[in-house]
Amino acid sequence: MSGRQDRQTTPDATPGTKPDTMTRPPGEPRGHSPGGTYLGMPAFPQAAALSTRDGRLRANLRHATHTIRAKRAQAVAELDDWDRLRRAGAAVKDRTLRHLDHYLLQLEESVTRAGGTVHWAADAAEANRIVTGLVRATGETEVVKVKSMATQEIGLNEALAGAGIRAYETDLAELIVQLGGDLPSHILVPAIHRNRGEIRDIFREHMARWGRPAPEGLGDRPADLAEAARLHLREKFLRAKVAVSGANFMVAESGTLVVVESEGNGRMCLTLPETLISVVGIEKTVPSWRDLEVFLQLLPRSSTAERMNPYTSMWTGTSGDGPRSFHLVLLDNGRTDTLADQVGRQALRCIRCSACLNVCPVYERAGGHAYGSPYPGPIGAILTPQLRGMASPLEESLPYASSLCGACFEVCPVAIDIPEVLVHLRERVVEGGPATLRGTRTVIKPARKHTAERAVIRATGWTLDHPGVLRHGQRLLSRTRRLHPRRLPGPGRAWTDTRELPTVPAEPFRDWWARARGDTA
Amino acid sequence: MRVGLFVTCVNDTLYPRTGQAVVTLLERLGVQVGFPMDQSCCGQPLFNTGYRHGTEPLVLRYARAFRDYDHVVTPSGSCAAMVRENYPRLAAKAAAESRGEALTEAASDAAAKTYELTEFLVDVLGVTDVGAYFPHTVTYHPTCHGLRSLGLGDRPRRLLEQVKGLELRELAGAEECCGFGGTFAVKNPAVSSAMGRDKAHAITATGAHRVCTVDNSCLMHIGGILSREGSPVRPVHIAEILAATEGAR
Ligand code: SF4
């Protein structure tokens, strides 16, 4: 296990294919990230302009992503049927999504039959209300958490804190983020932006406030950091009466939930407490056990570059060992709206493996926080604007946070054509168009901010469609070429601040052709 | 076989030498090249920024301009990818808005006959030795659209390996994007430049005198950074290398 995200985040304990998210005690400071949530974060270009200048962040991310990138490539190359697996994964997801109404009802029935209780949450507020109510009903004021993206997405820890309930993250990287009052910056390795020294400092400084303090004289050796976390967490596992989790998959036919992880913290949370509450996005449904076979191969290799992850926990209602009370909160929060979009819906295939983050050159330089949501990187750039709608300049900027290089699509184990969706969402930003918001079909207006750009584009489009006019423009550019400045003013600075302009030739190609070939058509 | 040159708006305006090189090269290989004057831009910058409707007239124009040609050859991986990948998508969306007939026909016709230059040489003409002479050390950066959208694979390399006098240098992290990305370069200048600088450093580290690609738009960005950083490496389009012969300038 050791070599994986090692130096970066998870010292050695066992980072892994984690399923879904996080927690913070009331009144905890939040490092350099604004507030307790992602609300009000600046648009991507502004945030990224700051983070690209952070040398340490760049170095941490470069090392971590390049290491895992190479390992993933190796793990995938071992299977000669990878392409077929990938197509099968995409097909299973597409089929399930097409009949999601059917499978969700089947799932509800199966979970109920097995002794669980199913709750439906249309949005984050409703999901938070349900979970808070369930915890309150137990009389407990603490919960332990399995890493879960869905609970990050809805800001569950903050909501629980508001109700006087402390939520303890038990995934190592998630613990680092929580102790540091920080925000996660990666799906699988939320503390990827931290190195060992920083982690040691966070442990020393903050562990005591949350429970068992860091051992005297704690150093930054991975094994020592992992041991410190283990001791700190152990007392939480043994004390906890309530656990909150997400899930990687839900099997409709049997009502079985699946959590895939590497550290074993998930297994502890899923077995020791008396009450288990799982918050899961509705798109995590698969029809049958057989379908799991495909994903349990795709996920670990794409995610941690492992052939198989160390812990795969499965439970079906309250049958067998483990919690005696089980609640499943099915979360929509923008997913049905996303499903209504024929191009955008492929984002719902995502199994949160992080391969697209690890291979993304933009993520590597901008870092995860710039994406302003728990879903960073390429998948965040297409998921966040769809789940939230184009709610603010941040969401409007995300579809543009890509050079469209296509590396994400190439590695995605469920073949999500991320560049296609990015361009599709750009269209939504500048041209507006039909969309579904909170279940209602509507026509959204083009973003206001793009009015000037739209005028330029319209003029450009017209010129390009009138080659005679275009030719005059080219000639003018050529004739004045000695006068062109090296640095442009205004918006042109975005180019010339770091790059020279090309030298304009004496004549455009079409003039040469006309001259050389006597063709003036 | 009637072959039309789609020179692209960037080459037309800023890099006419690349267009001239394609003409020289293809004619040397016995191919008659036509250049329909009513061609313009493929629409990629508009489409990729989100202006799908604004792109539609350019799709129709492209198909009209090259109507009478059997093949269209273009010295740009990303423009070829635009025509082959995005024209059909754009037409499908128009069809869903029930006004797709002309666009569907235009898109499928254009997509079926458009080739990026190295693809045309290797797949259609079946040559890898084009009789070129270029006595320089060169490194090759595979551009993203050429690599991932068109699947050019090792075609450009195979062509370069046959060029006399040319010494090819391996580029570290070759398959990583240079950071150009069209309007990305100005909408996210910080990240674009950071990517470009890393690419420029890798290029300079090869010790080559020239860096070549199948796309001048990426080269405009890479070259702009190389010269701002004072690197001695000069950008050159692969067409200009393949067109060069002994004795010629
Ligand atoms: S989009 Fe694909 S590559 Fe990215 S996290 Fe989801 S499944 Fe993995």
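In this predicted model, strand β7 of chain A (residues 275-281) runs parallel to strand β10(A), and the two are joined by seven bridges. One rung of that ladder puts A:Val280 across from A:Leu330 in β10(A). Strand β10(A) also has a partner in strand β1 of chain A (residues 117-121), again in the parallel sense, this time over five bridges. There, A:His119 stands opposite A:Val329 of β10(A). As for cover, six of the seven residues of β10(A), which spans residues 325-331, are buried.

Staying in chain A, have a look at helix α8, residues 172-179. How many of its eight residues are buried? Eight of the eight are, so the helix is largely enclosed by the rest of the structure. That list takes in the hydrophobic-looking names you might scan for, but also A:Glu174 and A:Gln178, which are buried along with A:Leu172, A:Ala173, A:Leu175, A:Ile176, A:Val177 and A:Leu179. The cover over these buried residues includes helices α6 (149-154), α7 (156-162), α9 (196-210) and α10 (222-239) of chain A, plus strand β3 (166-169). Both ends of α8(A) have a detail to check on screen. At the start, a side-chain oxygen of A:Asp171 comes within 3.1 Å of the backbone nitrogen of A:Ala173. Just after the helix, A:Gly181 has a positive phi of about 60°.

Now for the rings. Over all chains, there are 17 aromatic pairs. In one of them, A:Trp512 and A:Trp513 count as edge-to-face because their planes sit at 65°, with the ring centres 6.4 Å apart. A:Trp512 is buried, since its relative accessibility is 16%, and A:Trp513 is buried too, at 4%. In chain B, B:Tyr62 and B:Phe66 make a tilted pair, with 5.0 Å from centre to centre and 50° between the planes. Both B:Tyr62 and B:Phe66 are buried. Those two rings belong to a cluster linked by ring pairs, which also takes in B:Phe6, B:Tyr69 and B:Tyr87.

Some rings have an arginine lying over the face, as set out here:

| Arginine | Ring | Distance to ring centre |
|---|---|---|
| A:Arg166 | A:Trp210 | 5.2 Å |
| B:Arg2 | B:Tyr69 | 5.6 Å |

B:Tyr69 from the table is also a member of the chain B ring cluster.

B:Tyr62 turns up again when you look at B:Thr114, a residue of strand β4 (residues 114-116) of chain B. Is B:Thr114 buried or exposed? With a relative accessibility of 1%, against a cut-off of under 20%, B:Thr114 counts as buried. Its side chain makes a polar contact with the side chain of B:Tyr62 at 2.9 Å. The side chain of B:Thr114 also reaches the backbone oxygen of B:Ala110, at 2.7 Å. Beyond its neighbours within four places in sequence, B:Thr114 touches B:Tyr62, B:Val72, B:Thr74, B:Ala80, B:Val83 and B:Arg84.

Finally, the layout of chain B. The domain assignment splits the chain into domain 1 (2-124) and domain 2 (137-248). Taken over C-alpha atoms, the centres of these two domains are 22 Å apart. Where they meet, domain 1 of chain B contributes 27 residues to the contact and domain 2 contributes 23 residues.

Terms used. Residues numbered from 1 in each chain as written. Chains lettered and ligands numbered in written order. Predicted model: local features only at pLDDT ≥ 70, side-chain atom pairs only at ≥ 80, totals over all residues. Heavy atoms only, no water. Buried < 20%, exposed > 50% of the residue type's maximum accessible area, 1.4 Å probe, protein only. Helix = DSSP H or I, 4+ residues; strand = E, 2+ residues; numbered from the N terminus. Pairing = 2+ DSSP bridges. Polar contact = N/O pair within 3.5 Å; in protein donor to acceptor, adjacent residues only side chain to side chain. Contact = heavy atoms within 4.5 Å. Phe/Tyr/Trp six-rings, centres within 6.5 Å; stacked < 30°, edge-to-face > 60°. Lys NZ or Arg CZ within 6 Å of the ring centre and 35° of its normal. Domains from an automatic or database assignment.
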